[in-house]
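Please prepare a short briefing on how the two chains meet and how the strands of one of them are arranged.

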Amino acid sequence: MTFLERTTDVRRLRHWDVDMSLDYIYTSGIAGERFFRALRDEGRILGVRCPACKVNYLPPRMFCEGCFTELTDSFDVSPEGKVVSFTVAHVDRRSHPLPQPEVYAFVTFRGIDRGGLIHRLFVPPDRAKIGMAVRVRLRPKEQRTGTILDIEGFEPSASQD
Amino acid sequence: MTARIPKFPGKELSSEEFYGNKVTQVRSRPDARYAFSAGEAMSRFLEELQNGRLIARTCHGCKRILFPPRMFCEECFRPTDDWTYIRDTGTIETYSVSYLDQDAKRITEPILVGVVSVDGASPKMGMMHYFGEMTKDQIHIGMRVKAAWKSPEERKGSVLDIRYFRPLREGEA
């Protein structure tokens, strides 16, 4: 068969359109459930303490990474934290340009040895600084659904800690 | 669960907890759309389905009539040679009585699916499809069937332009 016998009109070539219906339901797990319920219902941020290693984790987990002790001893974390690292996003999750660049920060909290929270930081990009004191801003209670978005983000705080 | 482990550790969630939003959860649906090209042979096959016909490719090497059509002979390792129309009647090669639908959901009225060897193509050349106008007790291997086409306006160049294969009637060829 010669080349010219082949389809040369691209309009005659066909294709299949596929839309994969992939629905995810990702549950928080036992430790995550405690964390998100406290956040949603009471606006509290929970950490968890390992009694053997004296290490405090945020967010809470089921087992200590160091000694595999089951962790049940949760405590309230102060909503005042410190920026450890940040990034400035110019595109959203689908790579569409954002109207304004947004800052995302990793924040640690007093008394926490391992972990922290990553969230929006409500400052202009040129004002974001490593080490700056920030405070958790919660969504109003009636809007909370038991996900990390119950925290709106971080805002600068006057606290010197 | 296994013979040695009667229950795995951890907490099982009931459907009520899972779907009734009783436990905190994140739901997401990725936008996983794509298109894939049908290629040379399949494009023509789909175009002819829209015209209400079945088309095959012949190979001058092994003298077979290949259906569904393909541009390369897997026996002779050479390009196939000509297009040829085949009939829309055939013989049931194998079938299943399925109590699961396309999404693997349980259904009470079974659907009949299977492979039809199409008349005019080489032996055992055929296509998978639904069977209709017959019951699960009537269907059998070797049954003579004919394509039940959608109307020309409904056809859009898809294997579903044939609704199903139905029993060949008296006097039909």
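The notes below take the contact between the chains and then the sheet within chain B.

The model is predicted, and its two chains meet in a contact that takes 26 residues from chain A and 26 residues from chain B.

**The side of chain B that touches chain A**

- Strand 1 (25–28), strand 2 (32–37) and helix 2 (39–50) of chain B each supply at least two residues of the side of chain B that touches chain A, and strand 2 of chain B gives the most to this side, with 6 residues.
- Sorted by class, the side of chain B that touches chain A has 13 nonpolar residues, alongside 7 charged and 6 polar residues.

**Strand pairing between the chains**

- Strand 2 (residues 24–27) of chain A pairs with strand 1 of chain B in the antiparallel sense, over 4 bridges.
- Within strand 1 of chain B, B:R27 is the bridge partner of A:I25.

**The sheet within chain B**

- In chain B, 3 strands form an open sheet in the order 4-3-7, with antiparallel pairing; strand 4 (65–66) and strand 7 (82–86) of chain B are the edge strands, each pairing on one side only.
- Strand 3 (residues 54–58) of chain B pairs with strand 4 of chain B in the antiparallel sense over 2 bridges, and B:T58 has B:I65, in strand 4 of chain B, as its bridge partner.
- Helix 2 of chain B, which also supplies at least two residues of the side that touches chain A, lies across strand 3 and strand 7 of chain B and runs at about 150° to strand 3 of chain B.

Definitions and conventions:
Residues are numbered from 1 along each chain as its sequence is written. Chains are lettered from A and ligands numbered from 1 in the order in which they are written. This is a predicted model: local features need pLDDT of at least 70, side-chain atom pairs count only at pLDDT 80 or more; totals for chains, interfaces and linings use all residues. Two residues are in contact if their C-beta atoms, placed from the backbone, lie within 7 Å. Ala, Val, Leu, Ile, Met, Phe, Trp, Tyr, Cys and Pro count as nonpolar, Asp, Glu, Lys and Arg as charged, and the others, Gly among them, as polar. Two strands pair if DSSP finds at least two bridges between them. Axes are lines fitted to C-alpha atoms, for helices over the stretch in contact, and angles run from 0 to 180 degrees between N-to-C directions.
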